[in-house]
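Trainee: Could you take one part of this structure and go through it closely with me, contact by contact? I would like to see how the aromatic side chains and the cysteine links sit in their surroundings.

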Amino acid sequence: MNRRIAPLLLLAAALTLTGCSTAGPDAPVPGGAEMLPGAVPSAAQFASDTDDPAAPRFDAELVDGTPVSGSELWDGRAVLLSFNASWCGSCAENAPMLDALAEQYGDALSIVTVAGDDDPAALDATLRQTPPPGPVIRDSELTLWRAYAVVEPPAFTLIDHEGRVTRMWPGGTDEKTLETALEGVITAH
Amino acid sequence: MIHPRTPRRLAALTLTLALGAGLVSCSADPVAAPEDSPVLRVLVRDAVLRPLDVPCAGSRPYLDLHEGTTVTVVDDADATLLAAELPEGRSIAADDRDYGTAAKQPSMCEFTVPAPGLDAGEYRVRVGERTFDAVVVDAEGAFIAIPPLGIVPDLPGAP
């Protein structure tokens, strides 16, 4: 084989293989306790509208079985609930937007995926392929979906640092709209 | 024919072929059915506010109807004539009212499943866990509404 061609062939083979790769079935499912946010940054400042309604309280489990409650999640920080399902194509398209928001706001914001999948294996495979921006709640019985009046994914609910629902977006929304809403509840981060 | 003394051209061709093969091996697109083959139209009458003509799936309580849900057509002898999956749905208007410039309108989610080779007749169709008996298939295919058309709620005082 021509020595100049060999590296190119190796590169092509590597690109071909990595283009199809996904994490193996034994890899841990992202979205468990390791994705819970750290301490609220000391520089973070928040705003709240006391006329907004209290967010429905809930107790749930993350994908690794870790119990969480709504009040723990939004205790002193803003929370964006992202209602999602593995078969939802437009939910997958939101992933880069949510990753960018998670990066931008750090621990001042917790983006919590609420997965309505009735097939745990399908959810696990999706999370391995596209790691979530924060913790993931298994909501196979749609308990949280009903509590937040979600009829189809994607849907977002923004909850301020005092546990009030600031806004809901049935059917999802765009990054600019979310950023504007987040600027209203997280004034410094 | 590639001349052995043109390694750059050979390398480029090799790289292109290898990458092309990689892309093909990753593709999961089914073979397209002929345009005139019958189709199963599965209409989820969920009446949800959505933009029109965008990807969709069934909404609550039809969340089981989405891309990847299995579809089978069986005959009287229980022989499977078609085994397929729902593709991504598209939203269509739920009524013919003028909603002006509203971004979202009452809509339903329609799935179109190619059914090449399916002869006219009356069959049992299963969509996920839902079974529809005596579905009439003609040259164009079949139409399945979920919930079925013509169902009148059993209300007190209704005739």
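Mentor: What follows is a walk through the aromatic contacts of chain A, and then through the disulfides and the sheet of chain B. Please keep in mind throughout that this is a predicted model.

Over all chains there are 4 aromatic pairs, and a convenient place to begin is F58(A), whose ring centre lies 5.8 Å from that of W74(A), with the two planes at 80 degrees, so that this pair is edge-to-face. The contact joins distant parts of the chain, since F58(A) sits in the loop between strand 1 (45–46) and strand 2 (59–61) of chain A, while W74(A) sits in the loop between helix 2 (70–73) and strand 4 (78–84) of chain A, 16 residues apart. Both F58(A) and W74(A) are buried.

F58(A) also forms an edge-to-face pair with Y148(A), at 6.4 Å centre to centre and with 75 degrees between the planes. Because Y148(A) belongs to the loop between helix 6 (143–147) and strand 7 (155–159) of chain A, whereas F58(A) is in the loop between strand 1 and strand 2 of chain A, this pair ties together parts that are 90 residues apart in sequence. The relative accessibility of F58(A) is 9%, so F58(A) counts as buried, and Y148(A), at 2%, counts as buried too. Taken as a group, F58(A), W74(A), F83(A), W145(A) and Y148(A) make up one aromatic cluster.

Turning to the cysteines, the structure holds 2 disulfides over all chains. In chain A, C88(A) is joined to C91(A) with an S to S distance of 2.2 Å; the link is right-handed, with 80 degrees about the S-S bond, and both of its cysteines, C88(A) and C91(A), are buried.

In chain B, the disulfide between C56(B) and C109(B) has an S to S distance of 2.0 Å and is likewise right-handed, with 100 degrees about the S-S bond. This link connects distant parts of the chain, from C56(B) in strand 2 of chain B to C109(B) in strand 6 (residues 105–114) of chain B, 53 residues apart, and C56(B) and C109(B) are both buried.

Those strands belong to an open sheet of 5 strands in chain B, in the order 2-5-6-1-9 and with mixed pairing. Strand 2 (55–56) and strand 9 (141–146) of chain B are the edges, each with a single partner strand, so one side of each has no neighbour in the sheet. Strand 2 of chain B pairs with strand 5 (residues 89–93) of chain B in the antiparallel sense over 2 bridges, and P55(B) stands opposite R90(B) there.

Definitions and conventions. Residues numbered from 1 in each chain as written. Chains lettered and ligands numbered in written order. Predicted model: local features only at pLDDT ≥ 70, side-chain atom pairs only at ≥ 80, totals over all residues. Heavy atoms only, no water. Pairing = 2+ DSSP bridges. Helix = DSSP H or I, 4+ residues; strand = E, 2+ residues; numbered from the N terminus. Phe/Tyr/Trp six-rings, centres within 6.5 Å; stacked < 30°, edge-to-face > 60°. Buried < 20%, exposed > 50% of the residue type's maximum accessible area, 1.4 Å probe, protein only. Disulfide = S-S within 2.5 Å.
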